[in-house]
Structure formats: structure tokens, C-alpha cells
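Biologist: Before I accept any label on this model, I would like each one set against its definition. Could we go through them together?

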Amino acid sequence: MPPAMGRTPRLAHPPCGHAHPIIAAMPADSAKLVYLETFGCQMNELDSELVTTQLRALGYRFTPDAEQAGVILYNTCSVREQAEQKVWSRLGIMRQRKARQPDLLLGVLGCMAERDGRDLLRKFPHVDLLCGPGELDKLPLLLRNASTTAEPAIALQGNTSRRSATLAAAEDSLERLDLSRSFAPDDQRAAGRSSYVRITRGCNKFCTYCVVPFTRGAEMHRPPDTIVDECRMLVQRGVVEVTLLGQTVNHYRFEHDAAVSIDGVMQPQKGRSFTGGHERDPVTGGRVTTFADLLRRIHDEVPALRRLRFVTSYPRDFGDDVLEVIRDCPRLCRYIHVPVQSGSNRILEAMNRGYTVEEYRDFIERIRAHLPGAMIASDVIVGFPGETEEDFEATVDLMRWARFKNCFVFKYSRRPGTPAYDRLPDDVPDEAKRRRNNALLALQGAISRAIHVEHIGRTVEVFVEGMSTVQNRREPVLAGEGLRPRIAAGVTGLTINGLSLLADEEGDCGTACAAAVAAPEWGESAIVQLSGRTEGDLITVFDAPRERAQSLVGAIVAVRIDEARTLTLKGTLLE
Ligand code: 5AD
Ligand code: SF4
């Protein structure tokens with residue numbers, strides 16, 4: 001699907017009927033060409049999509065070629081140092097370009113902007129703009145200010161990031177960014193696509209290794225009516241699959257008695273999640289929309305939605321009611337990504353995860369009992385401070401037992417500002433981290449391959465995402481190493497305009513944003529290999545005649561599985 005570059009923006013009114021304030025911030029030069037590169041998780045991908053929509057509506061255009069762009073934006077990730085290093089290197093390269101081209105606007109968006117703040121400007125004084133993930137609705141204004149003044153334009157939450165309990169009484173301006181999809185509909189890009197819908201922002205869990213609560217602020221839940229409307233609107237434009245996003249998505253909970261509207265816009269609500277284990281929420285009767293209620297509402301009220309998914313789940317307080325909804329609603333995918341992080345209770349405690357290995361195992365057993373055949377994925381960190389060989393072996397045991405369909409393995413990365421940074425020495429030698437990392441990747445590779453082998457001979461439904469060129473290129477390398485069973489941090493191989501891209505070896509994706517990437521080139525060969533996903537998120541490739549390839553992208557097709565690899569299933573398209 002070609003990007004809608006240079007189209008005249010259509011400005012619609014939001015559901016409330018009010019004009020969106022960003023419309024007032026038209027750039028003086030509407031020919032501004034933007035290069036936007038996105039790093040990190042699905043939240044960042046969604047933020048980039050919303051930023052793109054917002055800027056397009058203001059007359060900006062996008063290019064996949066950084067050399068051509070007059071505005072360069074990096075939407076950044078701080079979760080591990082490696083993700084930050086990539087941006088530092090980009091910024092270093094841009095120093096010379098900026099010297100050559102002083103009117104170039106260079107902006108850092110997202111978690112690095114929020115975490116580093118003015119320190120980043122000291123290191124990279126040629127950066128013109130900093131915008132934290134909680135301030136992205138202000139980007140148009142920042143761009144205008146940065147182009148008219150010599151001072152850097154900055155919008156960060158800083159110390160106000162832990163929002164007060166009374167925030168619901170104040171307008172949540174970021175909600176406007178999420179709502180902006182309603183302002184600049186773009187049916188052409190939506191058709192046959194998979195889309196993210198944010199239901200919860202921020203995180204209250206404070207795992208000791210993690211920067212997210214500091215960069216994305218406190219947990220805020222969006223109103224259920226808004227979420228259902230957004231799903232409905234996306235489906236009307238041709239979206240086939242919706243993935244609900246939240247750092248701890250299953251802790252979604254909206255209390256209707258405390259709902260606040262401002263100018264006709266229902267405001268997100270600070271998280272006061274139910275902490276009742278796998279019991280049901282006692283406050284029912286329409287006063288609370290729980291996560292299970294939300295899933296059922298979307299499933300029932302948006303019947304044309306073919307697939308509904310959610311990431312990322314937290315192992316605690318995942319009620320049986322959610323599992324029952326998944327069991328009873330056929331279009332809810334039987335796939336749960338629920339990071340365990342470690343198989344050792346001692347390490348889980350030091351991580352402040354709030355559950356034990358026994359409780360995690362109990363949860364996996366409940367999933368298996370309610371949803372036979374469900375695919376479960378996880379994340380693990382190796383080399384957390386104090387992790388002994390014994391702790392590591394406990395993680396190996398857990399992974400053997402759990403049989404995740406895939407598990408993203410990360411070496412602990414000490415992050416400034418986190419509780420572990422201040423309190424716990426990074427005492428596991430790098431060599432041990434690497435060895436443990438490789439051992440878990442090899443173990444998971446074997447498990448993933450065995451799960452894939454079990455699929456041989458079965459017919460699966462595949463949502464076709466696009467060509468599999470990158471898999472083709474990468475697979476021999478991956479198979480040769482016998483390692484790397486993962487696709488990307490937080491589940492995804494990125495799909496951009498129907499083109500699937502694998503993440504790099506550590507799972508940190510850096511890729512030009514969807515708006516900026518050209519449509520797939522179908523080439524000349526008579527047969528094209530396409531790639532898609534099963535309900536359980538297994539990547540499946542199959543051959544299709546070239547003339548049909550384009551029309552199959554976005555469809556859900558039946559594929560008989562013939563071959564199993566570590567990363568993918570390979571099958572035959574059934575007519
Ligand atoms: N070091 C290594 N991995 C981390 N993650 C989060 N913070 C860190 C860190 N400091 C991993 C966790 C999380 C995933 C998104 O990233 O496994 O689930
Ligand atoms: Fe980070 Fe823990 Fe929150 Fe996940 S739950 S975003 S790991 S603090």
C-alpha cells in the first residue's frame with residue numbers, strides 16, 4: 001500500500017464536535033519534509049503513527065530518505081542502553097549535517113528525551129527539539145517554535161510525571177493525540193492492516209530495572225467508550241486486526257462513578273487496579289469496566305473486527321474472567337504475552353515483580369486449563385544484579401516447563417534513574433550475561449522449533465501481512481547460528497505497509513515509520529513468498545502467485561503447514 005504522501009489533509013471533527021487545537025499550529029512552510037525513525041516497543045510505533053497523522057493533517061509530508069528531509073525526528077527508547085546507543089550514533093552523524101545545513105530541524109522524541117532531558121542537549125547541542133512521550137500532542141507547536149527561535153524547543157513531563165490522583169479532574173492533553181485518529185482519517189492506509197489501540201498509558205509497577213514508570217509516567221486508563229469507538233472506526237476503514245496496548249494491559253479498569261468529561265471529551269483515569277489475584281472484580285453492575293468487560297465489549301460491539309489481541313500482560317491479577325472471555329469469544333486470539341523475567345524467587349523479589357515463580361506457574365496452568373492450545377510468550381532478563389548460577393538454572397527450569405512459543409531474552413542493562421541503578425551493583429560479569437543469554441536463546445530455539453513441528457500437517461488461519469523477503473534473507477543466518485529465536489522486543493516483527501521486517505539480533509527495532517516507507521516491490525518472479533501470523537502469533541510463510549500477492553495482503557487465508565523452522569512455519573496456501 002503506497003503511503004499517502006502529499007495528499008490534501010482532510011480535517012474531521014472529533015466525536016465531541018470540537019476543533020482540535022493543533023489545527024491552529026499550521027507550519028509556515030507546509031512543504032516541510034519529515035524523516036521519522038522509530039525505536040523500541042509497540043507503544044512507540046503507535047506514538048509515531050499518531051504523530052505522523054497529526055503532522056500530515058498540518059501539511060507536513062514524510063520521506064523515507066533522511067538526506068532529503070528538512071526535519072529529522074527520532075522516536076526513541078530507553079529500556080536498554082543498546083537502544084540508546086543507536087540514537088547517540090545517529091545524533092553524532094547529524095552533527096556534520098547540521099553544520100552544513102543549519103536550518104535542518106533535529107528532534108528527539110520519546111523516552112530518551114524524557115530520561116536525558118537537558119543532559120542530552122549538553123552532549124548534542126545541535127538538537128533543536130526534545131519531546132517526551134507524555135507531551136507528543138505538543139509536537140506541532142514545538143516544531144514551529146524550533147524553526148522560529150534559536151533556543152531548543154522542549155516539552156517534558158519531568159518531575160510532574162507522577163501525576164496526582166486528581167489528574168482526572170484536569171484535562172489530559174495527551175488524550176487528544178490518541179483521539180487524533182478521528183481527525184485525519186486515512187482510509188487508504190488502513191485497508192487490510194493491523195492496528196494498535198492504546199487502552200492504558202504509563203506504569204505503576206516500578207520493577208527495579210525498568211525506566212518506563214519514569215519516562216511514561218503513572219498508569220492512566222482510557223475510557224471504554226472511546227476505545228470501542230476507535231476500534232469501530234479503524235475497522236470501518238479496513239483494519240482487520242487490532243492489538244490493544246498497555247504496559248500492564250490486563251490491569252485495565254475504568255471506574256464510571258469517577259469519570260470526568262471536559263469539553264465533551266471523557267478523560268482517562270488514573271489506575272487503581274483491582275488486586276484480587278484471579279478472583280473476579282467485586283465492583284460490577286456497570287460501575288466498573290474491567291479488562292474482561294472491555295474485551296467482550298469490543299468483540300461484541302465491533303463484529304466486523306476479525307482479530308483482537310492485547311499486549312503486554314502482567315502475571316499478577318490476571319483473572320479467570322479474562323480467560324473465560326477469550327475462551328468464549330472466537331475472534332479473541334488465543335495468544336498471551338506475559339513476561340516472567342526470572343525463574344528465581346530471590347531475583348523476582350529483587351526485581352520487585354510482586355509474584356513468585358509458583359504463582360506464575362499457577363497462572364500458566366490456568367491459561368492451559370481454560371484455553372487448550374493457547375500460545376504463550378514471555379520475556380526474561382539474564383544477569384540481573386546478584387543472579388547466581390543457581391538462580392539462572394531456576395530460569396532454565398521454568399522455561400523448560402512453560403514451553404513458551406517464544407521468549408525474548410535480554411541481558412540486564414543498568415539504567416540511570418531506576419531503583420536498581422542506585423541500589424544494586426551490576427555484578428554479573430558480561431561474559432556470564434552473554435553465556436546465559438546464548439544458553440536461553442538456544443533452549444528457546446529448540447522449544448519453538450518443537451512447537452512448530454507439532455503444527456506440521458495442520459491447517460491454520462493466517463493473517464497475511466506482506467512479503468517475507470527479510471525472513472528469506474535472515475533465515476539461513478539464524479539457522480546457522482542455531483540461536484536467535486526472537487523476533488523483537490515486546491512481540492513484534494514490524495510490519496510496515498504490509499512489509500514484515502525482523503528486528504535486529506537484540507530485538508531493538510530501528511525503522512523508518514510506516515508513513516515514510518515505500519510500498520512493497522513485488523518483483524518479477526512468478527511466485528512470491530508471503531508472510532503472516534496465526535491466531536497464536538506464529539509467523540507463517542507460504543508461496544503465492546505474483547498476480548494474487550497484493551490482493552492476499554490483509555486477508556485471512558487457510559495454510560496447510562508443511563515445514564517447521566525455528567522462527568517460522570512454512571506451508572501451502574489452500575484455495
Ligand atoms: N535491562 C534488560 N532488559 C530490560 N527490560 C526492561 N528493562 C530492562 C533492563 N534494564 C526488558 C524486560 C521487559 C522488556 C520489554 O524489556 O524483559 O519485559
Ligand atoms: Fe517496566 Fe515492570 Fe512496568 Fe513492565 S511492569 S513497564 S517491566 S515497570
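**Pocket, cavities and ligands**

Modeller: Among the helices and strands, β20 gives the most to the lining of the second largest pocket, namely three residues. The model is predicted, so that local features need pLDDT of at least 70 and side-chain atom pairs pLDDT 80 or more, while totals for chains, interfaces and linings use all residues. Residues are numbered from 1 along each chain, chains are lettered from A and ligands numbered from 1 as written, and side-chain values use heavy atoms, without hydrogens or water.

Biologist: What makes β20 a strand, and which elements each supply at least two residues of that lining?

Modeller: Strands are DSSP runs of E with at least two residues, and helices are runs of H or I with at least four; β20 (459–467), β18 (375–382) and α16 (430–454) each supply at least two lining residues.

Biologist: Why is the second largest pocket said to lie between two domains?

Modeller: Domain 2 (165–333) and domain 3 (459–573) both contribute to its lining, so the pocket lies between them; the bounds come from an automatic or database domain assignment. The space in this pocket is about 510 Å³, and of its 26 lining residues, those closest to the centre are Gly 373, Met 375, His 455, Glu 535 and Gly 536.

Biologist: What separates a pocket from a cavity?

Modeller: On a 1 Å grid over the protein atoms alone, a cavity is a set of points where a 1.4 Å probe fits but cannot get out, whereas a pocket is an open set with protein on both sides within 12 Å along at least five of seven lines; lining residues have an atom within 4 Å of a point. The whole structure has eight cavities of 30 Å³ or more. The largest has a volume of about 730 Å³, and among its 41 lining residues Val 79, Cys 210, Val 212, Gln 247 and Asp 379 are the closest to its centre.

Biologist: How do you know where ligand 2 sits?

Modeller: A molecule sits in a cavity if more than half of its atoms lie within 2 Å of the grid points, and by that test ligand 2 sits in the largest cavity.

Biologist: What makes the pairs between ligand 1 and Gln 341 and Asp 379 polar contacts?

Modeller: A polar contact is a pair of N or O atoms within 3.5 Å. An oxygen atom of ligand 1 lies 2.7 Å from a polar side-chain atom of Gln 341, and an oxygen atom of ligand 1 is 2.6 Å from a side-chain N or O atom of Asp 379, so both pairs meet the limit.

Note on methods. Grid points are joined across faces, edges and corners, and a volume is the space filled by probe spheres set on the points. A polar contact is a pair of N or O atoms within 3.5 Å; within protein, one must be able to donate a hydrogen and the other to accept it, and residues adjacent in sequence count only if both atoms are side-chain atoms.
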